[in-house]
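Work through the following exercises with the model open beside you, and try each task before reading its solution.

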Amino acid sequence: MRAWTVRTPGRLKAAELPVPHPAEDELLVRVRACGVCRTDLHVRDGDLPPHRSPVVPGHEVVGEVVAAGPRAQGHPVGSRVGVPWLRHTCGHCRFCRHGRENLCPHSRYTGWDADGGYAEYTTVPAAYAYSLPGGYSDAELAPLLCAGIIGFRALRRAELPPGGRLGIYGFGGSAHLTAQVAMAEGATVHVLTRSAEARRLALELGAASAAGAQDTPPEPLDAAILFAPVGDLVPTALAALDAGGTLSVAGIHLSPIPALDYERHLFHERTLRSVTSNTREDGRTFLASAQAHSVRTTVTPYPFAEADRALEDLAADRVNGAAVLLM
C-alpha cells in the first residue's frame with residue numbers, strides 16, 4: 001500500500017508498506033479521508049518525542065471496515081468508522097476507573113505509537129473506533145475526529161457559563177468547529193488570530209468580533225481557549241479574562257510561556273488549565289451533538305499524494321479551516 005512515514009524529524013517521506021493485519025481485537029480499515037492535524041506537525045518535526053520509528057502519522061481517519069479480528073465487535077465489515085487519536089488505555093489504573101482515561105499513563109495514540117491514516121489502510125482496536133453521524137461527507141467528518149473532539153473537551157474545561165463571552169486564540173481546524181458549538185449553546189465568541197483569512201471565516205460563521213492575536217477583545221472574557229501553540233499568548237489571554245475566568249490550553253505542544261505577573265494575569269481567581277487528549281465519552285458526546293446539530297466543517301482538500309504539501313501549508317497558516325487528505 002501507499003503510505004507516508006516519518007523516520008527523521010522534519011521530513012515526511014513517501015513509502016510502500018505491507019497492508020497491516022488486524023490483531024484479534026482490531027479492525028482493518030480502508031482509508032477514505034484523513035485530516036491533517038497540527039499534532040501531525042509535532043510528530044513530523046520531533047516536538048513530540050518519537051514513540052515509533054518509522055511511523056505513519058494521521059489520526060483523523062474516516063474509512064470502511066474491510067476485515068476484523070475474531071474479538072473485534074460493534075463495527076461490521078462494510079461500515080464507515082472513525083479512527084481517532086486515542087487508541088488504547090489500560091482500563092485498570094485510577095484514572096481509567098474514575099472516568100478519566102485521557103490521563104491513563106499507559107495510553108497509546110494513533111499516528112504516534114501505532115501507524116495511522118496517512119496510508120491506504122490502517123488498523124484500530126474496535127473498542128476505540130467511532131460510529132459516525134450521517135449527513136456528512138468523508139472529508140467533512142475527518143476533522144471532527146480530533147479537532148472537533150479536542151475542541152469540545154477544551155470548551156468544557158474552560159467552564160464557560162451559559163450565555164458567556166468566549167475568546168478563541170488561533171482559528172484553525174479545531175477552533176472553527178469549537179466556535180460553532182459555543183455559539184449554538186448561546187455564547188458570544190470573539191476570535192483573535194494572526195490570519196486575515198481566518199478572521200474572515202470567523203465572522204462568516206457568526207463570531208461577534210475577529211481581531212489580531214495580540215489585540216484586546218472588545219469586552220472582558222468569561223472564558224478563553226488557546227488553540228495556537230504559542231506560549232506568548234498565554235499572558236495575553238489571561239489578561240483578557242474577567243474576574244473568575246478560565247483559560248484552557250488545547251494543544252498537545254506549546255512553546256515556552258513567558259513569566260506571568262500575578263496581579264495582572266492570575267489574581268481575581270483567574271484559572272489556567274491544560275487539556276490532555278480526550279475520553280471516548282467525549283468523542284461519543286461530541287459526535288452525537290454533530291448528528292443533532294449540523295456543524296459546518298470548512299475543509300481544504302489535498303490529494304493523498306500531496307500530504308507533504310498539506311503539512312507545509314498547515315505550518316505556514318495557509319490552510320483555511322481544516323486540511324484533509326483524500327484517497
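**Exercise 1. Establish the strand order of the open sheet and find its edges.**

The open sheet has six strands in the order β12-β11-β10-β13-β14-β15, with parallel pairing, where two strands pair if DSSP finds at least two bridges between them. Strands (E, at least two residues) and helices (H or I, at least four) are DSSP runs numbered from the N terminus. Next, β12 and β15 (271-274) each have a single partner strand, so they stand at the edges and one side of each is left without a neighbour in the sheet. Direction ignored, neighbouring strands are turned by 20 degrees against each other on average. Inside the sheet, β13 runs parallel to β14 (residues 241-249) and is joined to it by five bridges, and A223 stands opposite T246 in β14.

This is a predicted model, in which local features need pLDDT of at least 70 and side-chain atom pairs count only at pLDDT 80 or more, while totals for chains, interfaces and linings use all residues. Residues are numbered from 1 along each chain as its sequence is written, and side-chain values use heavy atoms, with hydrogens and water left out.

**Exercise 2. Describe the surroundings of A211 in strand β12.**

Begin with the location: A211 lies in β12, which spans residues 209-211. With a relative accessible area of 22%, A211 is partly exposed, a class lying between buried (under 20%) and exposed (over 50%), for a 1.4 Å probe and protein chains only. Leaving aside neighbours within four places in sequence, A211 is in contact (heavy atoms within 4.5 Å) with V191, L192, T193 and R199. Finally, α6 lies across β11 and β12 and runs at about 175 degrees to β12; axes here are lines fitted to C-alpha atoms, for helices over the stretch in contact, and angles run from 0 to 180 degrees between N-to-C directions.

**Exercise 3. Identify which residues have the most contacts inside the largest nonpolar core.**

A nonpolar core is a set of buried Ala, Val, Leu, Ile, Met, Phe, Trp, Tyr and Cys residues joined through side-chain atoms within 4.5 Å. The largest has 44 residues, and those with the most contacts inside it are L144, L166, I168, F171, V189 and I225. Among the elements that each supply at least two residues are β10 (165-169), β11 (188-192) and β13 (221-226), whereas α5 gives the most, with six residues. Apart from this core lies another, of 41 residues, among them Y121, Y128, A307 and L325.

**Exercise 4. Classify the crossing of α4 and α9.**

The two axes come within 9 Å and cross at roughly 105 degrees. The helices are therefore roughly perpendicular to each other, since angles under 35 degrees count as roughly parallel, over 145 as roughly antiparallel, 65 to 115 as roughly perpendicular and the rest as oblique. On the α4 side the contact is made by G148, I149, F152 and R153, and on the α9 side by D282, G283, T285 and F286.

**Exercise 5. Compare the settings of E159 and S277.**

Each has a positive phi of about 50 degrees without being a glycine, as found for E159 and for S277. E159 sits in the loop between α4 and β10 and counts as exposed at 53% relative accessibility. S277, by contrast, is in the loop between β15 and α9 and is buried, with a relative accessible area of 10%.
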